[in-house]
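Please follow the account below with the sequence and the coordinates side by side, beginning at a turn and working outward from there.

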Amino acid sequence: TECVSGCLCPEGLYDDGSGGCVEKKDCPCFHNNQWYSSGQTIAADCNTCTCQKGAWSCTEYKCYGTCTIYGSGHYITFDGKFYDFDGNCDYVATQDFCSDNNSSGSFSIITENVPCGTTGVTCSKAIKMFLGKTELKLENKDYQEVQRDVGDDVRYWNRTIGLYLVIEASNGVMLIWDKKTTVFIKMSPDYKGRVCGLCGNFDDKTSNDFTTRNGLQESNVLKFGNSWKQSSTCSDVTEEVKPCDMKPHRKSWAEKECSIIKSEVFNICHSKVNPNPFYDACVHDACSCDSGGDCECFCSAVAAYAQECIKAEACVFWRTPDICPIFCDYYN
């Protein structure tokens, strides 16, 4: 209706996002603040997406799910819900004994949480993995096997990869442990909607991850977490622990150290994985580890964000001789 100053593409051609004009078949695609030209591919979990005529066309494989437990009570469910729960007891991380007919399950993974400082926060000290009639206990940087009288035979393999001990079972369950306070539970897509526990139900919806042992949906994280404790003799968690409020003299140090997560070092990852919950978790952990091991708590918290970045295909080289060094020759 009126003249507008500026540049336009000739009729039949389209803006390619970088100042040029292309035919429709050569239109670029946009993802995470980046332009991709026609024919370029990106990875989205276990699927590959190809740019075609300005839109993404993706394969539709069902992907393995991952639940992460790390530091002092931080959980990321199979469906990606991030929450904190500090309970001093044994809790069901995940299992497939979820229906009324509890005899049909094949595995259960229990996390044994203990205090890791004087502020009341808890860390995962040991992991128990029940595979049919086999019980594995991962503790003190090693694991023990116990054979029980009940259950099926479920085969498993173990191997060490760098820092991690990996237990892989024939039923599609994998456990990756850093021999400290971080554990990753990977699960075959066959278990979608068939598991329960602190890791959620793996049905691609975060809204119902807080399902209690009784099958009720809960909005309160403490009631949800308490429902999955293994022993009735443990006391319920009644309030959220805020270690930085209890140890204010550590707060400024914690914020300074953890600022690496929001710094240029991780810049390539910020648009792909939101750094804020990982930064908050890092500050929480750095405040709480006040009885030694504060470097280990800080390093585990930053490594958790780096791990999510790697999953999103953003490789970050954040370790230095001064910040959480690893002696690669020793682990190689």
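In this predicted model, E16 and E17 make up a hairpin in which 2 residues lie between the strands, and Gly-162, placed in the turn, has a positive phi of about 60°. The two strands run antiparallel and are joined by 6 bridges, with E17 covering residues 164-169. Among the facing residues, Ile-161 stands opposite Tyr-164 in E17, while Thr-160 has Leu-165 of E17 as its bridge partner.

From E17 the path leads to another hairpin, formed with E18, where 3 residues separate the strands and Gly-172 adopts a positive phi near 90°. Here 4 bridges connect E17 with strand E18 (residues 173-177), again in an antiparallel arrangement, and Glu-168 is found opposite Met-174 in E18.

These strands belong to an open sheet of 7 strands, ordered E10-E9-E8-E19-E18-E17-E16 and paired in antiparallel fashion. Its edges are strand E10 (82-84) and strand E16 (156-161), each of which pairs on one side only. From one strand to the next, the twist averages 15°. Helix H5 (residues 276-288) packs on the sheet, where it touches strand E8 (65-70), strand E9 (74-76) and E10, and the direction of H5 makes about 160° with that of E9.

Turning to a single side chain, Glu-112 is located in strand E12 (residues 107-115). Glu-112 counts as buried because its relative accessibility is 15%, and the cut-off for that class is under 20%. Leaving aside neighbours within four places in sequence, the contacts of Glu-112 include Cys-89, Asp-90, Cys-123 and Ser-124, and also Lys-125, Lys-128 and Lys-137.

Conventions: Residues are numbered from 1 along each chain as its sequence is written. This is a predicted model: local features need pLDDT of at least 70, side-chain atom pairs count only at pLDDT 80 or more; totals for chains, interfaces and linings use all residues. Side-chain values use heavy atoms; hydrogens and water are left out. Two strands pair if DSSP finds at least two bridges between them. Axes are lines fitted to C-alpha atoms, for helices over the stretch in contact, and angles run from 0 to 180 degrees between N-to-C directions. Contact means heavy atoms within 4.5 Å. Buried means under 20% relative accessible area, exposed over 50%, partly exposed in between (1.4 Å probe, protein chains only).
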